[in-house]
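Hi there,

Here is the structure I promised to pass on to you. Please have a look at it first, and then read on for my notes.

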Amino acid sequence: MGAREKRSTETALDLLVNQVQTVWQTKGNVASLLSLDITGAFNRVVRKRLWHVLRVKGIPEKLAAWVETFMTDRSTTLVLLDWEMEEFPISAGIPQGSPFSPILFLFYTAELLDLCNNPQERLSASAFIDDTNLLAYGPSMEENCQILMRGHNRCLDWARRYGASFALEKYKLIHLSWNLKQFNIQAPLPLLGVETKPKALMRILGIWLNPRLNWGAYIKEIQKKMKTYTNALLRTTASIWGATFVWARQIYNAVIQPAIAYGAVIWHTPTPIKGPKSTKPVGPAVKLAKIQNKCLRAIVGVYKATPTLVLETKTFIPPLDLYLNKRLTNFRFRHKKKLVIEACVQI
């Protein structure tokens with residue numbers, strides 16, 4: 001994922017959560033997730049090795065040669081306070097900040113994912129640029145740890161051949177299961193003589209996961225972060241010198257609302273369309289709607305007793321659960337459309 005069309009962090013999160021839920025649907029199976037950390041990812045890309053990878057992947061020789069030229073004759077300098085050292089050449093690495101670099105890095109790490117995607121061994125791998133995650137599944141946490149150990153050994157072999165290294169101290173491990181009493185969710189993972197202990201909460205691509213994949217902890221993090229956002233909006237919309245209604249609404253739509261909705265493709269429960277609770281929000285949207293309500297009152301400048309429906313009508317901002325429904329629907333539609341296009345291309 002990353003640096004590819006319609007392959008965002010939410011796509012990576014959706015894939016990961018769907019894999020875990022699929023494991024849970026098989027009775028008696030649990031999942032374990034190991035998050036790896038590649039040290040100085042972009043800086044350690046070897047030019048000759050990248051050229052070889054591009055040619056193996058079928059990139060034309062002229063384009064591969066251009067990439068090699070792109071990485072050749074580069075230099076840098078260090079500046080500390082008023083002191084600046086002389087320029088020195090750089091023999092490896094791809095420039096950080098270039099839009100081309102993440103694409104090259106995807107090619108560079110392609111073999112790493114191929115080595116760790118082994119359904120027969122019950123091991124899968126996914127990555128967003130350099131954030132790589134290994135997912136093992138089986139009848140026990142201890143067996144999952146054994147699978148992760150074998151997968152990690154292949155990662156180390158890849159690292160030796162590609163000039164990369166992993167920061168063992170930054171690894172994160174979590175065991176995932178609905179039934180926490182039946183399985184040992186404290187099972188450690190021994191790697192290179194060091195035990196990586198599982199966490200009760202683990203942050204992946206900006207989303208907090210717990211062993212049961214319920215989202216209470218993450219919703220609390222959103223509420224905590226939104227205090228800063230809403231306070232900033234309140235100061236921005238001061239009655240005398242503050243932003244106008246149009247600009248305040250723009251700030252909410254462009255900054256605050258997307259921050260609230262991030263990751264909704266995995267944690268949002270769509271509003272029911274049938275039954276006694278139809279049209280009423282359910283799940284995390286109920287708690288997060290209070291944040292939108294507070295922001296709309298700041299934008300319009302009304303009394304606290306003003307009905308929420310009036311606020312949403314006057315500001316032309318839909319209820320939060322409907323916004324999240326639309327966001328989730330658009331994501332599913334784009335993903336399905338992408339799969340159909342890729343299938344047609346393969347045919």
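**What turned up**

Let me begin at F245, which sits in helix α8, the stretch covering residues 245-261. Before going further, please keep in mind that this is a predicted model. F245 has a relative accessibility of 33%, so it counts as partly exposed. Together with V246, V300 and V302, F245 makes a nonpolar patch of about 290 Å² on the surface.

**The chain as a whole**

The chain holds 12 helices and 12 strands. Its C-alpha trace spans about 65 × 60 × 50 Å along the principal axes. Of the 347 residues in the chain, 41% are buried.

**Helix α10 and what follows**

V300 from that nonpolar patch brings us to helix α10, which runs over residues 284-300. How far does this helix reach from its first C-alpha to its last? Its 17 residues cover 25 Å, close to the 24 Å expected at 1.5 Å a residue. Many positions along α10 are worth a look for their burial: P284, A285, L288, I291, Q292, N293, C295, L296, R297, A298 and I299 are buried. As a reminder for reading such a list, an α-helix has 3.6 residues a turn, so residues three or four places apart point the same way. After α10 comes G301, which has a positive phi, near 75°.

**A positive patch**

There is a charged patch on the surface as well: K224, K227, K294 and K304 form a positive one. Among them, K227 belongs to helix α7 (residues 216-236). Is K227 buried or exposed? Its relative accessibility is 56%, and because anything over 50% is called exposed, K227 counts as exposed.

**Salt bridges**

The count of salt bridges comes to 10, and I picked three to show you.

The first pairs E68 with K48, whose closest N and O atoms are 2.8 Å apart. This pair links distant parts of the chain, with E68 in helix α3 (residues 61-70) and K48 in helix α2 (residues 47-56), 20 residues apart. The two partners sit in opposite settings: E68 is buried at 19% relative accessibility, whereas K48 is exposed at 55%.

The next one joins the side chains of D114 and K57, at 3.8 Å from N to O. Here D114 lies in helix α5 (residues 110-116) and K57 in the loop between α2 and α3, so the bridge links distant parts of the chain, 57 residues apart. K57 is partly exposed, with a relative accessible area of 44%. While you are at D114, look at S124 too: the two are 10 residues apart in sequence, and their C-alpha atoms are 9.2 Å apart in space. S124 is part of strand β6 (residues 123-128) and counts as buried, at 10% relative accessibility.

The last one also involves α5: E111 bridges to R161, with the closest N and O atoms 2.8 Å apart. Since E111 is in helix α5 and R161 in helix α6 (residues 141-162), the pair ties together parts that are 50 residues apart in sequence. Both ends are partly exposed, E111 with a relative accessible area of 26% and R161 at 32%. Through shared partners, salt bridges join E111, D157, R160 and R161 into one network.

Enjoy exploring, and write back with any questions.

Best wishes

Conventions:
Residues are numbered from 1 along each chain as its sequence is written. This is a predicted model: local features need pLDDT of at least 70, side-chain atom pairs count only at pLDDT 80 or more; totals for chains, interfaces and linings use all residues. Side-chain values use heavy atoms; hydrogens and water are left out. Patches are made of residues with over 30% relative accessible area and no salt bridge: like charges are joined within 9 Å, nonpolar side chains (Val, Leu, Ile, Met, Phe, Trp, Tyr) within 5 Å. Accessible areas come from the Shrake-Rupley method with a 1.4 Å probe; for residues, only the protein chains shown count as cover. A salt bridge is a side-chain nitrogen of Lys or Arg within 4 Å of a carboxyl oxygen of Asp or Glu. Lys and Arg count as positive and Asp and Glu as negative; His and the chain ends are not counted. The place of a charge is taken as NZ of Lys, CZ of Arg, CG of Asp or CD of Glu. Helices (H or I, at least four residues) and strands (E, at least two) are DSSP runs, numbered from the N terminus. Buried means under 20% relative accessible area, exposed over 50%, partly exposed in between (1.4 Å probe, protein chains only). The expected span of a helix is 1.5 Å times one less than its number of residues.
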